[in-house]
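Trainee: Could we go through this structure together? I'd like to know what stands behind the labels people put on it.

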Amino acid sequence: MSSNGTDPDVDDTACWDARRGIFRTRKGGWVIGEAVYNHGYSMMDDLVGHCSFFQVLLLNVTGRLPERRLADWLEATFICLSWPDPRIWCNQVGALAGSARTSPAAAVAAGCLAADSRLYGPGVLEAATAFIVAALDRQRAGWTAERIVADALARLPGQGRPVLVGYARPIATGDERVAAMARVAHELGCPDGPHLQLAWSIDAVLGRDHGEGINLAGYVAAFLSDQGYRGHEIARIYSAWVNSGVHACYAEARDRPADTFLPMRCDDVEYCGIPPRPLPTGC
Amino acid sequence: MARSREPSVKSRGERFAERPATRLWLERPAPGNPYLAEHCYCHGYELDALMAGRRFAEVFYLLFRGELPHPAQADLLERLMIALINPGPRHAATRAAMNAGIGRTRRPDILPIALAVQGGAHLGGEEVESAMGFLAANLARPPAETWQSAAPAGPGDRRAAPGFGSRFGGIDPMAARLAGHLAAMPGAGPHLAWGQAAAAGLNPLGMGWLYPGVAAAALLDLGFSRTQGAGLYQIFSAPGLLAHGLEMAGRPITAMPFLDAEHYVIERD
């Protein structure tokens with residue numbers, strides 16, 4: 001038992017006592033009859049009609065209200081993960097939910113949760129950001145992109161495929177979304193910063209030597225690192241990244257007869273366990 | 001930054017409780033730390049004593065019903081929980097769990113994803129809740145009179161009522177057999193018996209028991225309320241959902257089907 005300094009039989013609970021029954025926030029909140037405040041802004045006076053949803057999302061997550069063009073860039077990245085294709089794992093969760101007649105909120109929440117993955121979706125962003133931030137530190141210490149790639153590949157467990165977080169994707173090689181976002185960034189007048197310049201170099205090395213290339217997560221991590229965002233902030237910003245695509249797959253399945261999404265016969269599952277056997281009797 | 005007063009928005013002035021109240025669980029604080037519980041009581045019984053002397057099904061019943069069950073009730077609940085332990089690998093909720101597993105979703109999220117799907121109105125928790133309402137409302141009627149109006153025909157499964165209908169164009173033999181086992185138990189009551197007769201009346205129409213109906217009847221016989229039905233059904237199926245999700249979690253993504261272009265057809269108007 002930890003002491004409070006005066007009585008060895010009483011724990012020091014001052015941390016919790018100070019917060020019991022009172023909530024102090026730097027985010028904001030509702031002052032009834034006055035305004036809804038958000039990081040010092042009056043939401044109905046300063047934000048609604050003046051800012052985009054994605055500006056407010058960034059404000060809510062980070063406490064910093066960005067310029068509009070960054071929010072527009074962010075919105076475009078959300079469109080990039082809004083595929084209405086139920087073969088994608090998170091989208092299939094939405095389709096299954098529609099087939100099972102859940103609420104849309106349950107379906108979309110479950111789909112977003114499924115995309116918090118080490119394979120795809122927002123679940124890879126924190127690791128992708130950590131990679132490019134560390135890589136830039138190394139480049140500034142004199143490492144070339146070739147050496148950064150070789151070092152990262154040498155650290156991979158199993159020495160299998162050259163899959164660096166942010167620089168490969170499942171199902172296909174190449175990433176049409178990166179080219180689209182590079183175009184959007186150019187049109188918005190957003191120059192490539194040092195993280196993204198290095199990311200392009202790493203992409204070139206991987207493409208030349210291994211047939212892999214930067215994916216959207218790698219691009220987003222590098223771009224937003226250049227904008228001053230940190231890995232945990234990026235992961236929070238993108239936590240509902242796939243929601244729109246899940247919506248599409250839910251809606252289509254929900255509008256069709258229940259339980260008809262890719263129906264499976266018993267023998268559509270391969271059983272590879274112990275054959276049926278009698279239950280032991282007694283102890 | 002502008003600060004406008006909104007005179008049209010006024011507090012209702014409602015009185016809110018100063019602290020939440022529960023009948024379920026008492027936590028007695030440790031002498032030197034009021035945030036730590038030293039003893040916990042479930043409806044008055046100390047958890048240590050329940051651990052030492054009672055089966056899981058008995059304590060489960062106690063938690064939701066407020067009193068310990070009779071042995072026959074505990075037996076029926078435990079048998080029901082075994083019957084529902086796994087919706088099987090083809091159920092939508094299980095497939096959601098398997099998708100999450102194969103898609104490298106964080107393992108702690110696999111079960112919540114599956115349970116969200118298992119809350120649905122088709123073969124899920126919401127159907128259990130609806131079936132409990134249907135059974136409670138019709139228990140006084142002779143089962144044969146219930147199916148006067150035939151379920152409308154259409155594509156996909158038919159429903160005579162929540163918990164009763166067809167699956168894949170036929171009668172679900174597993175649901176029927178499990179219902180029979182449960183209805184024959186000493187703890188079974190009028191809802192399972194009514195459902196047995198009602199399902200028999202439906203069989204000539206190509207319909208019968210569905211799993212949510214079986215669960216609904218058994219839960220009503222055990223005294224559970226309709227509002228508890230959906231969540232209990234989710235809990236009962238959770239072991240199978242998690243097991244299937246975790247089984248896939250360590251496998252490569254190629255271990256599950258991914259339709260190729262030939263079998264994924266984008267139709268255009």
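Mentor: Here is a short round of questions about the salt bridge, the interfaces, the pocket and the cavities. First, this is a predicted model, where local features need pLDDT of at least 70, side-chain atom pairs count only at pLDDT 80 or more, and totals for chains, interfaces and linings use all residues. Residues are numbered from 1 along each chain as its sequence is written, chains are lettered from A and ligands numbered from 1 in the order in which they are written, and side-chain values use heavy atoms, with hydrogens and water left out.

Trainee: Why is the pairing of B:Arg167 and A:Asp259 called a salt bridge?

Mentor: The rule asks for a side-chain nitrogen of Lys or Arg within 4 Å of a carboxyl oxygen of Asp or Glu. B:Arg167 and A:Asp259 have an N to O distance of 2.9 Å, so the pair meets the rule. The interface of chain B and chain A has one salt bridge by this rule.

Trainee: How do you know how many residues of the two chains are in contact?

Mentor: Contact means heavy atoms within 4.5 Å. On that basis, 54 residues of chain A are in contact with 47 of chain B.

Trainee: And what makes up the area buried between chain B and chain A?

Mentor: Buried area is the accessible area (1.4 Å probe) that two parts lose on being put together, summed over both. For these chains that comes to about 4300 Å², with 61% on carbon and sulfur atoms. On the chain B side, B:Tyr35, B:Arg95 and B:Phe258 supply 16% of the area, more than any other three residues.

Trainee: How do you know where the domains of chain B begin and end?

Mentor: The bounds come from an automatic or database domain assignment, which gives domain 1 (25-69) and domain 2 (81-147 + 157-249) in chain B. Their centres, taken over C-alpha atoms, are 29 Å apart. Five residues of domain 1 touch eight of domain 2 in chain B, and about 600 Å² is buried between the two, 78% of it from carbon and sulfur atoms. B:Phe60, B:Phe64 and B:Arg65 supply 73% of what domain 1 buries there, more than any other three residues. The rule finds zero salt bridges across that interface.

Trainee: What makes a space a cavity and not a pocket?

Mentor: On a 1 Å grid over the protein atoms alone, a cavity is a set of points where a 1.4 Å probe fits but cannot get out, while a pocket is an open set with protein on both sides within 12 Å along at least five of seven lines. Lining residues have an atom within 4 Å of a point. A volume is the space filled by probe spheres set on the points, which are joined across faces, edges and corners.

Trainee: So what is the volume of the largest pocket, and which residues are closest to its centre?

Mentor: The volume is about 1100 Å³. Of its 41 lining residues, A:Leu119, A:Tyr120, A:Ala168, A:Arg169 and A:Pro170 are the closest to the centre.

Trainee: How many cavities of 30 Å³ or more are there, and what lines the largest?

Mentor: There are two. The largest holds about 50 Å³, and its lining includes A:Asp259 and B:Arg167, the salt-bridge partners. The second largest has a volume of about 30 Å³, with A:Ala168 and A:Arg169 among its lining residues.
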